[in-house]
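This report goes through a single chain by its charged pairs, a polar residue in a strand, its nonpolar cores and one helix. The sequence and structure come first.

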Amino acid sequence: VKLVYNPLTVKGNNNVIENRIISLDAGSQMNKFTITYDNLTEATPVVTGIVLHEPSKDYQADAAKGYIAYADPADPVNGQIYVAAVFPEKVNEAKAITFSDKEKAERGADGHVLAYSTYTPGCSYTYYSGAGWSKWGFENSSKWFDYVQKFAQNLKEPLTVTILKCPLFFYFAYIFLSQISHFGININEISAPSSAISRQMLHPGGQPERWTYTFPTPPGEAK
């Protein structure tokens, strides 16, 4: 989903336009928000926050690990709602701010837990935000905080996959099988009760050769 907001006034510039793209991966609790600001000409502080409600002060704010998280007051019938925001890039500061009694009365909230970052013109500001529920998936706030911490860690240390090209694999397989033949072992004699597997490989000189071999059945496996 892409949202384009009406112009904002930032530092005297009344034509700053926010563009927000929201996406969600299957199976994830966390929506991805990618934000850009058109016509913004200088680096500008930005803040992402979660509203705090009395009497709950069950929150976490960790700038180094890149997340803020909160557990709303529990309801005896409807359970408890959890919310969080996670940041793949640097967070300058993360903390909770409590309103004055007057602000609490006016706003109907206790304060905010906030994450402070810096937006650079021409770049994007990205964070993930989502929620959980005590009646589905997260029986208490500790479970939710654990999920958020692991999500934040995975963003900073993503899984890396290296793909090897098949021709290179076949070449080294050919070298391996050639060495077996060099020592006088007949590939077709390496057999046991299991299905024969055939592989077509390319000889380094470009001529195809077909090898047929079998894998031994592990000890104790039914024949």
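## Salt bridges

In this predicted model, a network of salt bridges links Glu 54, Lys 57, Lys 104 and Asp 110. Side chains of opposite charge can pair when their charged atoms come close. By the rule applied here, the salt bridges number seven. Three of them are listed below.

| Acidic residue | Basic residue | N to O distance |
|---|---|---|
| Glu 42 | Lys 11 | 3.3 Å |
| Glu 54 | Lys 104 | 3.5 Å |
| Asp 110 | Lys 104 | 3.0 Å |

Within the network, Glu 54 sits in the loop between β5 and β6, while Lys 104 belongs to helix α1 (residues 101-107), so their salt bridge ties together parts that are 50 residues apart in sequence. Glu 54 has a relative accessible area of 52%, and because exposed means over 50%, Glu 54 is exposed. Asp 110, which also pairs with Lys 104, has a relative accessibility of 1% and therefore counts as buried, the limit being under 20%.

The salt bridge of Glu 42 and Lys 11 likewise links distant parts of the chain, 31 residues apart. Glu 42 is in the loop between β4 and β5 (44-52), and Lys 11 is in the loop between β2 (8-10) and β3 (13-24). With a relative accessibility of 42%, Glu 42 counts as partly exposed; Lys 11, at 54%, counts as exposed.

## A buried asparagine

Asn 19 is part of strand β3 and counts as buried, with 9% relative accessibility. Its side chain makes a polar contact of 3.1 Å with the side chain of Asp 38. When neighbours within four places in sequence are left aside, the contacts of Asn 19 are Lys 2, Leu 3, Val 4, Thr 34, Ile 35, Thr 36 and Asp 38.

## Nonpolar cores

The largest nonpolar core contains 19 residues. Those with the most contacts inside this core are Tyr 37, Ile 68, Phe 87, Tyr 119, Tyr 125 and Tyr 127. Two or more residues each come from β4, β5, β7, β10 (111-119) and β11. Phe 87, again leaving aside neighbours within four places in sequence, is in contact with Thr 48, Gly 66, Tyr 67, Ile 68, Ala 115, Tyr 125, Tyr 127 and Lys 156. A second core, separate from this one, has 14 residues, including Ala 84, Tyr 128, Phe 138 and Trp 144.

## Helix α2

Which residues of α2 are buried? They are Ser 141, Trp 144, Phe 145, Val 148, Phe 151 and Ala 152. Viewed down the axis of α2, the buried residues fall within an arc of 125 degrees, so they line one face of the helix. An α-helix has 3.6 residues a turn, so residues three or four places apart point the same way. Lys 150 and Asn 154, on the other side of α2, are exposed.

The buried residues of α2 pack against five strands, namely β4 (30-38), β6 (59-62), β7 (67-71), β8 (81-86) and β11 (125-133). At the start of α2, a side-chain oxygen of Asn 140 comes to within 3.1 Å of the backbone nitrogen of Ser 142.

The length of the helix can be checked as well. Helix α2 has 16 residues (141-156), which at 1.5 Å a residue should span 22 Å. The C-alpha atoms at its ends are 23 Å apart, which agrees.

Note on methods. Residues are numbered from 1 along each chain as its sequence is written. This is a predicted model: local features need pLDDT of at least 70, side-chain atom pairs count only at pLDDT 80 or more; totals for chains, interfaces and linings use all residues. Side-chain values use heavy atoms; hydrogens and water are left out. Helices (H or I, at least four residues) and strands (E, at least two) are DSSP runs, numbered from the N terminus. The expected span of a helix is 1.5 Å times one less than its number of residues. Buried means under 20% relative accessible area, exposed over 50%, partly exposed in between (1.4 Å probe, protein chains only). The arc is that of the directions from the helix axis to the C-beta atoms. Contact means heavy atoms within 4.5 Å. A polar contact is a pair of N or O atoms within 3.5 Å; within protein, one must be able to donate a hydrogen and the other to accept it, and residues adjacent in sequence count only if both atoms are side-chain atoms. A salt bridge is a side-chain nitrogen of Lys or Arg within 4 Å of a carboxyl oxygen of Asp or Glu. A nonpolar core is a set of buried Ala, Val, Leu, Ile, Met, Phe, Trp, Tyr and Cys residues joined through side-chain atoms within 4.5 Å.
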